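Thanks for sharing this one. Here are some notes to read alongside the model.

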Amino acid sequence: VLIRVEDSYAAFAQLLEMASASMALPRTVHASAVISASAQVHDDVYIGPLVVIEDGAVIGAGCEIHAHATVGRNVKIGENSTLHSGVKVLDNCIIGKKCIVQAGAIIGSDGFGFAPQAGDGYTKVPQTGNVVLHDSCEIGAATTIDRATLGSTVIGEGVKLDNQIQV
């Protein structure tokens, strides 16, 4: 049988997507997950073992949060986003819809800010901002995106970052 398509790579991706749908995770919350009473977690989610979801977090419909992931205070995660094992999304960050954050990535860690002082020292500059990932982003494994000193570190819609990048 010969099947003709205009874009064979796109057709191949579509076939793999259909095949992977049969491996969908159950919509459950693992008994070992720790979820704050003030968090808002949609019923249609997968929350894996040893996940921590802190105060004020909002998790949208269709999300998957895999084992050992941490969702900080006041984090917002849009519909159908996936956090793979060991992901850390720190306080006040925003993850859009249909985002994928691969294993071990850290979103919203402390930025590198030090003010030189007269003489021999540095003063740490507090990093008080956050990170905003717009819709349909994919962040590679072990990637770190630091929060801004003020305001937001913004990753635009549809951006794809490979593994082990530091922003």
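1. Where is Asn74 found? Keep in mind that this is a predicted model. Asn74 lies in the loop that runs between strand E7 (70-71) and strand E8 (76-77). With a relative accessibility of 39%, Asn74 counts as partly exposed, because the partly exposed class runs between 20% and 50%.

2. Staying with Asn74, have a look at what surrounds this loop residue. Setting aside residues up to four places away in sequence, Asn74 touches Asp55, Gly56, Ala57, Asn92 and Cys93. Val89 is 15 residues from Asn74 in sequence, and their C-alpha atoms are 10 Å apart in space.

3. Now to the interior. The largest nonpolar core has 30 residues. Those with the most contacts inside this core are Ile53, Ile65, Val71, Ile77, Ile107 and Leu133. Ile65 is worth clicking on: beyond its neighbours within four places in sequence, Ile65 is in contact with residues including Ile53, Val71 and Ile77. Tyr46, Ile47, Gly48 and Leu83 are also among the contacts of Ile65.

4. Next, the aromatic rings. The count comes to 1 aromatic pair. The ring centres of Phe112 and Phe114 are 4.9 Å apart and their planes meet at 70°, so the pair is edge-to-face. Phe112 counts as exposed at 77% relative accessibility, whereas Phe114, at 38%, counts as partly exposed.

5. Finally, the surface at the start of the chain. Val1, Ile3 and Val5 make a nonpolar surface patch of about 400 Å². Val1 sits in the segment before helix H1 (8-21).

Definitions and conventions
Residues are numbered from 1 along each chain as its sequence is written. This is a predicted model: local features need pLDDT of at least 70, side-chain atom pairs count only at pLDDT 80 or more; totals for chains, interfaces and linings use all residues. Side-chain values use heavy atoms; hydrogens and water are left out. A nonpolar core is a set of buried Ala, Val, Leu, Ile, Met, Phe, Trp, Tyr and Cys residues joined through side-chain atoms within 4.5 Å. Buried means under 20% relative accessible area, exposed over 50%, partly exposed in between (1.4 Å probe, protein chains only). Contact means heavy atoms within 4.5 Å. Patches are made of residues with over 30% relative accessible area and no salt bridge: like charges are joined within 9 Å, nonpolar side chains (Val, Leu, Ile, Met, Phe, Trp, Tyr) within 5 Å. Accessible areas come from the Shrake-Rupley method with a 1.4 Å probe; for residues, only the protein chains shown count as cover. A salt bridge is a side-chain nitrogen of Lys or Arg within 4 Å of a carboxyl oxygen of Asp or Glu. Helices (H or I, at least four residues) and strands (E, at least two) are DSSP runs, numbered from the N terminus. Rings of Phe, Tyr and Trp (its six-membered ring) pair if their centres lie within 6.5 Å; planes under 30 degrees apart count as stacked, over 60 as edge-to-face and the rest as tilted.
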